[in-house]
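Hi,

Here is the model I promised to pass on. Have a look at it first, and my notes follow underneath.

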Amino acid sequence: MSPAEAPLLEAIEISKSYGARLALDNVSLAVRPGEIAALLGPNGAGKTTTLSILATLLKPDSGHVLINGKPRKSDPTGLGRMLGLVPQSLALYPTLSAAQNVWHFARMQGLSHDDARVHCKRALDEVGLSERADDPMHAFSGGMKRLLNLACGIVHRPPVLLLDEPTVGVDLQSREQLLARIRHYADAGAGVIYSTHYMEEAERICDRVLLIDRGKLIAEGDLEKVISLGGSRPRIELTYRGQLPDGRFGNLAGVREIGTTVSEGKAILEMNSFAQVAEVLHGLRTLDVNVVDFNLHSPNLSDAFIALTGHTLRDQVN
Amino acid sequence: MLRAIWLTAQNEARLLVKDPTVLFMLLFAPVVIITVAGYSLGSLYGGAANSFRLPLVDLDHGKVAQGVIEALRREHGVALEMLDDPDEARRLASRRDRTPVAIVIPEGTSVAVAAGGQPRLILFVDPVRRVEVNALELRIDELCRRITEQARTAAQSQIESFGEAPAITLPGDIGFVEKPAIEGEAVTVNAFDQYVPGFGITFLLIGMMLGIALTLFDERDWGTLKRLQVSGAPLTGLLLGKLFARFIVGIAQMIVLFAVGWALFGISLGRNPLALIIPTVGISFAAAALALVVASIATAHDSVPSLGVTISISMAAIGGCWWPLDFEPGWMRELARWLPTTWTMQAFNDLMIRNQAPSAALRPLAATIGIGMIFLLAGLFRFLSLDD
């Protein structure tokens, strides 16, 4: 991805209120070709509202959305077809077969009869449902329904894909398949906005992270940048036996004590980098600290989120 | 076990209170149906009968005619209208509400009675309103019997006053003969000619409610409507597409019903069976549009069936699909003028029973389409405002 490339989809200073509750507060974001941008935040943070506004299903109270640099109203149908929405709910027809579902959305997206046939087959192939194409959707497992939901969103090969918590309630195997398909789709040139509250998913497949909390975009950038915004550094978590020396860990260079529970024999030390591990362990031995176990912890999005907001990603925003 | 029963019952009560539509329908639906049926069928159970308008043409101008007219003027619930033209009286009986019968007293009736003959009043009757015709005929029959009896009593007194029988004749019986209000048609009707279109309309309405209103709710719940909107498809287009499909299904449903009615019950298909498409198109359109209104005002998926079925049944009943419109009180007949069911039943009756030309269905079609358009605009406006 080239940073110089123009955004496929852009939200500029959008705000939205539901009654007295401010759901989105002056949020700006963009997605470019080949990029997966994670919209990461706890439940109720404003992710679905943001996606609904980006999909032009919801009008913002202020601000605007540009698709390929243009407002949707300049070409409602043409620009609308640049978007593929995969909503959190299964927006499918339960009694129709997988093929019929995909076919309907393909035709509604303006594909000709012949094109729709080719695209439907490809979409079902891509999500691994070709063999179940003629089975009714209601007979599918939860994971297969999610895959079909994705197939309906990508059948017309939209340059922009909007995914709203696509892996909620999905088993591990289906999740892997879904994430692989989404990464593959972005690698083929699409811009993807991936809304989730699963930090691990964002870390795995996304190129850029948009941290959202209580309707505000609190951090934005590539993974390393956002993690570093939280100020977190690598940690070593120790389990020890016996007494700690006077001055505890103060004599170890380049290390900061985060927290120690003497009664449990546990301590957490922050380092500048993982390259210090051997040096830290050697220093501990010099100080006569009897280390019986240790774990290394890389700083992650969750740490950054806690550092930036004071609460965890799993917390519900009220 | 008891705890589970008690807690479940408590929760059900909470759910019920939280859904005012269902609560409302539990009370509203039976009250509506009771009101419609009670007012419509009240006269059958001895309640106050509805008044009839009775056109009468006196071509006799004799004592018998005078007796009949005076007796009819005293009849409760009959508004006598004196006319000069038998054709006009006949026309009124074929078309106007609360006018199922018109009477013509033929010239020479009084003379014939005095001569011991058995003259017959002519009753022009509308076969569509057979039940009302029968009710009025019972009263006219009784009235004729009374007049005959009075005439005979008077003649008998006259004979007795002479002491011995003079050479005079006792008056004859007055009776009546039915003639169809529309020339050339039968005076009786196959009951299925009424019930096939009547119940066809009822189930068409119910089918639309379930087919359109429920599935629109489903699509809102599933999120498919929203997803399709992203593609650039306008919501209005999506709604009209849904209505159009059900509109076609409604027409097919009525065609099948008429075919079954004809094959099994020998219903009349009128002069031109294809003309039955005209009112069918109208009611299918209006019913589809009405279902959109129901979908837009129902607050929950579960309230759609009760709301839709109550509206369907009420409209069918008030519109004369189940019993003759003339059974209903004035305010209900006035309300019926604003229902598509009323106009559609009128068109089916005209085509199937009164055997009129297809053009007779055009005015009812215009009225039905007009009412349907109001439903459609209201439903679209409400649905689009919900979407905003």
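How far apart are the end C-alpha atoms of α7(B), and what should its 32 residues span? At 1.5 Å a residue the helix should cover 46 Å, and the end C-alpha atoms lie 45 Å apart, which agrees. The expected span here is 1.5 Å times one less than the number of residues.

Before the rest, some housekeeping. This is a predicted model, in which local features need pLDDT of at least 70 and side-chain atom pairs count only at pLDDT 80 or more, while totals for chains, interfaces and linings use all residues. Residues are numbered from 1 along each chain as its sequence is written, with chains lettered from A and ligands numbered from 1 in the order in which they are written. Helices (H or I, at least four residues) and strands (E, at least two) are DSSP runs, numbered from the N terminus.

**Helices of chain B**

Staying with α7(B), the residue that follows the helix is B:Gly223, and its phi is positive, near 90 degrees. α7(B) packs against α9 (residues 235–265) of chain B at about 155 degrees, with the axes 10 Å apart. (Axes are lines fitted to C-alpha atoms, for helices over the stretch in contact, and angles run from 0 to 180 degrees between N-to-C directions.) That angle makes α7(B) roughly antiparallel to α9(B); the cut-offs are under 35 degrees for roughly parallel, over 145 for roughly antiparallel, 65 to 115 for roughly perpendicular, and oblique for the rest. The two helices cross in the right-handed sense, meaning that the near helix is turned clockwise from the far one by less than a right angle; anticlockwise would be left-handed.

Residues on the α7(B) side of this contact include B:Phe192, B:Val196, B:Gly200 and B:Leu204, and among those from α9(B) are B:Lys242, B:Leu243, B:Arg246 and B:Val249. (Two residues are in contact if their C-beta atoms, placed from the backbone, lie within 7 Å.) By class, the contact has 12 nonpolar, six polar and two charged residues, where Ala, Val, Leu, Ile, Met, Phe, Trp, Tyr, Cys and Pro count as nonpolar, Asp, Glu, Lys and Arg as charged, and the others, Gly among them, as polar.

α7 (residues 191–222) also meets α13 (residues 340–353) of chain B: their axes come within 10 Å and cross at roughly 150 degrees. So α7(B) is roughly antiparallel to α13(B), and this crossing is right-handed. On the α7(B) side you'll find B:Asp193, B:Pro197, B:Gly198 and B:Ile201, which meet α13(B) residues including B:Thr341, B:Thr344 and B:Phe348. The contact divides into six nonpolar, three polar and one charged.

Elsewhere in chain B, α3 (residues 63–74) packs on α6 (residues 130–161) at about 130 degrees, axes 10 Å apart. These two are therefore oblique to each other, and their crossing is right-handed. α3(B) brings B:Val64, B:Gly67, B:Val68, B:Ala71 and B:Leu72, and α6(B) brings B:Leu143, B:Arg146 and B:Ile147.

**Sheets of chain A**

Chain A has an open sheet of six strands in the order β6-β7-β8-β3-β9-β10, with mixed pairing. (Two strands pair if DSSP finds at least two bridges between them.) β6 and β10 (216–222) are its edge strands, each pairing on one side only, and the average twist is 15 degrees from one strand to the next. β6(A) runs parallel to β7 (residues 160–164) over four bridges, and A:Leu85 stands opposite A:Leu162 in β7(A). Helix α5 (residues 142–154) of chain A packs on this sheet, touching β6 and β7, with its direction at about 165 degrees to that of β6(A).

A four-stranded open sheet, also in chain A, has the order β12-β13-β11-β14 and antiparallel pairing. β12 (255–261) and β14 (290–297) each have a single partner, so one side of each lacks a neighbour in the sheet. Here the twist averages 25 degrees from one strand to the next. β12(A) pairs with β13 (residues 266–271) over six bridges, with A:Glu257 opposite A:Leu269. Helix α9 (residues 277–286) of chain A lies across β11 (235–241), β12, β13 and β14, at about 160 degrees to β14(A).

**Where the chains meet**

The contact between chains takes 16 residues from chain A and 11 from chain B. α2 (76–80) and β6 (83–86) of chain A each supply at least two residues to chain A's side, and α2(A) gives the largest share, three residues. That side divides into 11 nonpolar, four polar and one charged.

Cheers
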